[in-house]
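Colleague: I'm new to this one, so could you walk me through it?
Modeller: Sure, let's put it up and take your questions as they come.

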Amino acid sequence: MKKLFIWGAGNIGRRIVGHFDSEWDIVFVESDESRAGSVYCGKQVISVKQYFEQYSDEFILVAHLHEAQSLEILQKNKVDNYFVHCDCPGEFKEPYTKENLKKYILHYLADREDYVLYGLNLYSIMIDSWLYREYKVHPYILLQSNITEDLTEKIKQKYTELNVIESIDRMKNVKEVCVCSFNYNEIKEEGRFHEFQLTDIFDCTDKIEQYYNPAIEKVYHLHKGERCFIVATGPSLKMKDLDLLKDNKEICISMNSIFYAFDETQWRPDYYVMSDYRGFSEYKEVLDRLPVKKLFLNDHDEEFWSLSHEKNIYQYHQHCEYCFDRLPKFTDNFSRKSYIGATVTYTCMQLAAYMGFEEIYLLGVDFSYANSTTENCYDHFHKEEKLSAVGYERHVKLAYEAARKYADEHGIKIYNATRGGKLEVFDRVDFDTLF
């Protein structure tokens, strides 16, 4: 049995635990001490205090969106035997457990002896488990350049069946290095493995056919060279501004609860995007009858997509690679995937770039929870029973920075036309001067 503690008996912990088979002994760890002694997802829950007092030599996976705080606590308690959920593939954080990645990896590595896995981490340990369970083989795992000797020894002591190697110089039969970490592009640019085939098996979104929707290719470069407005649902959004967009026949992409504005304006977005899996339950009564040309909804609800829907509803793959310490990826092919960025606005930007827009104006993107001294909560433009929603400033800002970087590298201009707000990643423009 492989033992692992998961810090976070919440959504991300629930999503990740489904990918561990019966060979893993899983225990949840919770900051809320009142939950100690309970059961979550069929697993025991203990307190953080109990983990430090009794199990601090066991590996722990930080599996929630306040990673930085937990890492500070671990380091303060001199615990370095930890993993972080954002260093695992996006498939491990999807709302319901799917086997797409596991099946792809097993098929790709079947009956192979000419490869090594690069990167000793939780993901490569899981791949080792998959391969042994299916084929009774333990692959060679090549140490990454930045792993410490102390951490390497701790992993080898706890997960004793691993075939860990420090070099492949003397392994004459090796032809391929399979990268098990998020930094494949960086490794490729370094040229360290130039004599081998270098393969990304961390982000396999382009290779897993279940993610691909050829119908979305119809909108590729459909608006080449044009401008659009991404209309968000922040509190600064005004109906008179939507009327102005309609009067000037501007192409608009909007999102989530924007339909609450439809009773107050004749404006309608041309495209609608939803990236939060909770929207399938919150908006299920309206999704099939929204007066929008095309709706793009992610693939995170099994029940919704098991039913038939209108022809203007497109399913896209939402890759859940949450990032708190690096820029998220920005897709170059929306028909195969979109990266999550912890905000639907980021998804809209990726769709807009795929459609070929060269000027993108943001409206109602308040980013009002930035620099908050309390909980990162925010309101919308409409009244609602739930007065505020939770925002993750660190993750969202990194997403905006990633969008800015992609835009700058591809000749796209993104402007912030929001009235007020706290978003300063993009150059600001006065909305009233655009017409």
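Colleague: What is the strand order in the open sheet of eight strands?
Modeller: Keep in mind that we're looking at a predicted model. The pairing in this sheet is parallel. Reading across its eight strands, the order is β16-β15-β14-β13-β12-β19-β22-β23.

Colleague: Which strands stand at the edges there, each with a single partner strand?
Modeller: An edge strand has one partner, so one of its sides is left without a neighbour in the sheet. That is how it goes for residues 313-316 and for residues 427-428. The edge strands are β16 and β23.

Colleague: Which residue in β22 stands opposite Y361?
Modeller: Start with the strands: β19 (residues 359-363) and β22 (residues 413-416) run parallel and are joined by four bridges. Within β22, the residue opposite Y361 is Y415.

Colleague: What about the open sheet of six strands: what is its order?
Modeller: Here the pairing is mixed. β3 (39-40) and β6 (82-84) stand at the edges, each with a single partner strand, so each has one side without a neighbour in the sheet. The order is β3-β4-β2-β1-β5-β6.

Colleague: And which residue in β6 stands opposite L61?
Modeller: β5 covers residues 60-62 and pairs with β6 in the parallel sense, over three bridges. Opposite L61 you'll find F83.

Colleague: Are the residues on the two faces of β7 buried or exposed?
Modeller: Take strand β7, residues 115-118, one face at a time. Y115 and L117 are on one side, with V116 and Y118 on the other. Both faces are covered, and these four residues are all buried.

Colleague: Which residues are opposite Y118 in β8 and its bridge partner in β10?
Modeller: β7 pairs in the parallel sense with β10 (residues 176-179) over four bridges, and with β8 (residues 140-142) over two. In β10 the bridge partner of Y118 is V179. In β8, Y118 stands opposite L142.

Colleague: Through which helix does the chain cross from β7 to β8?
Modeller: This is a β-α-β crossover, and it is right-handed. The helix also lies across β1 (2-7), β2 (24-30), β5 and β6, running at about 150° to β2. It spans residues 122-135 and is called α5.

Colleague: Why does T152 count as buried?
Modeller: T152 sits in helix α6, residues 149-158. Leaving aside residues up to four places away in sequence, it touches L120, L143 and I147. Buried means under 20% relative accessible area. T152 counts as buried because its relative accessibility is 5%.

Colleague: How far apart in space are H319 and I340?
Modeller: H319 lies in strand β17 (residues 318-319) and is buried, with a relative accessible area of 0%. Beyond four places away in sequence, it touches several residues, including D203, S338 and I340. H319 and I340 are 21 residues apart in sequence, yet C-alpha to C-alpha the separation in space is 6.0 Å.

Colleague: Zooming out, what is the radius of gyration of the protein chain?
Modeller: The chain has 12 helices and 23 strands. For 435 residues the globule rule gives 22 Å, and the value here is close to that, so the chain is as compact as a globular protein of that length. The radius of gyration is 23 Å.

Colleague: Last one: what percentage of the 435 residues is buried?
Modeller: The C-alpha trace spans about 70 × 50 × 40 Å along its principal axes. The accessible surface comes to about 20,300 Å², with 44% of it belonging to carbon and sulfur atoms. As for buried residues, they make up 56%.

Notes. Residues numbered from 1 in each chain as written. Predicted model: local features only at pLDDT ≥ 70, side-chain atom pairs only at ≥ 80, totals over all residues. Heavy atoms only, no water. Buried < 20%, exposed > 50% of the residue type's maximum accessible area, 1.4 Å probe, protein only. Contact = heavy atoms within 4.5 Å. Pairing = 2+ DSSP bridges. Right-handed = clockwise from strand over helix to strand, strands pointing away. Axes fitted to C-alpha atoms, helices over the stretch in contact; angles between N-to-C directions. Rg over C-alpha atoms; globule rule 2.2 N^0.38 Å. Areas by Shrake-Rupley, 256 points an atom, 1.4 Å probe, with all protein chains shown as cover.
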